[in-house]
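Here's a quick walk through the fold, written for someone who would rather look at the picture than at a table. Have the sequence and the structure open side by side as you read.

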Amino acid sequence: MTLDLAPPPTVRPLSSNALRAIVRELAESPQEWIHRVRLDTEGRWYERLRLAEDHEVWLISWLPGQSTGFHDHGGSRGAFTVALGELEELSLAGPDGGLAVRRVPAGTARAFGPQYLHDVRNTANGPAVTLHAYSPPLAAMSRYELRAGGLVRTAVEGPEQW
Ligand SMILES: [Fe+2]
């Protein structure tokens, strides 16, 4: 008898382009998800649409004023697109690492790498619905606060918290 001591196969993450294509394609097929959308006055509403070995897809709704706060994606890369409404994305991508504010209107898809941090918010007057893909599937996320010296990590969350 031989023991198989090979390490578990590591999952090769999908590319930014592949993730962007996944969310764009889904946004163009609202019949696959529109009936699932809920709105929650307590906070963003979300539901996982797909879980595969190498990626996952989430559907999120945002009422005006709802936001994520600054967070990372635990080393996963990702992409999101706004299917309905409009969002605003804050990152430290401005000149000298300063705060950059980006409008993300419906039809826009954004992709990001494994080290990316952002704060996404609905500053519009109406609800927004977005589709998000992560690869590999999210294992943890850290939350950050923007202070005078920059972003400071304040919490780490696992899947049991979302
Ligand atoms: Fe994010």
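## What's in the chain

How many helices and strands does the protein chain have? There is one helix, and there are eleven strands. Keep in mind that this is a predicted model.

Reading from the N terminus, the order is α-β-β-β-β-β-β-β-β-β-β-β. In other words, the helix comes at the start and the strands follow it.

## Overall size and packing

The C-alpha trace of the protein chain spans about 65 × 45 × 30 Å along its principal axes. What about the radius of gyration? For the protein chain it is 17 Å, and a compact globule with 162 residues would come out near 15 Å, so the two agree.

As for the inside, 29% of the 162 residues count as buried. Now take the contacts between residues at least 6 apart in sequence: 71% of them join residues at least 24 apart.

## A sheet built around S5

Let's zoom in on one sheet. Which strands form it, and in what order? It is an open sheet of three strands, ordered S6-S5-S8, with antiparallel pairing. Why does one side of S6 and of S8 have no neighbour in the sheet? Both stand at the edges with a single partner strand each, so one side of each is left without a neighbour there. From one strand to the next, the twist averages 20 degrees.

As a reminder, strands of a sheet pair through backbone hydrogen bonds, and they can do that in parallel or antiparallel fashion.

## The two pairings, residue by residue

Start with S5 (residues 86–91) and S6 (residues 100–105): they pair antiparallel over six bridges. If you want a spot to click on, find Leu87, whose bridge partner in S6 is Val104.

Then there is S8 (residues 119–121), which runs antiparallel to S5 and is joined to it by three bridges. Two pairs are handy for finding your way here. Glu89 has Val120 as its bridge partner in S8, and Leu90 stands opposite Asp119 in S8.

## A cis peptide bond

One last stop, this time at a proline. Most peptide bonds are trans. Is the bond from Ser135 to Pro136 cis or trans? That peptide bond is cis, with omega near -10 degrees.

Where does Pro136 sit? Look in the loop between strand S9 (128–135) and strand S10 (141–147).

How values were computed
Residues are numbered from 1 along each chain as its sequence is written. This is a predicted model: local features need pLDDT of at least 70, side-chain atom pairs count only at pLDDT 80 or more; totals for chains, interfaces and linings use all residues. Two strands pair if DSSP finds at least two bridges between them. Helices (H or I, at least four residues) and strands (E, at least two) are DSSP runs, numbered from the N terminus. Axes are lines fitted to C-alpha atoms, for helices over the stretch in contact, and angles run from 0 to 180 degrees between N-to-C directions. The radius of gyration is taken over C-alpha atoms; the globule rule is 2.2 Å times the number of residues to the power 0.38. A residue is buried if 20 or more other C-beta atoms lie within 10 Å of its own, exposed if 12 or fewer, and partly exposed in between; C-beta atoms are placed from the backbone. Two residues are in contact if their C-beta atoms, placed from the backbone, lie within 7 Å.
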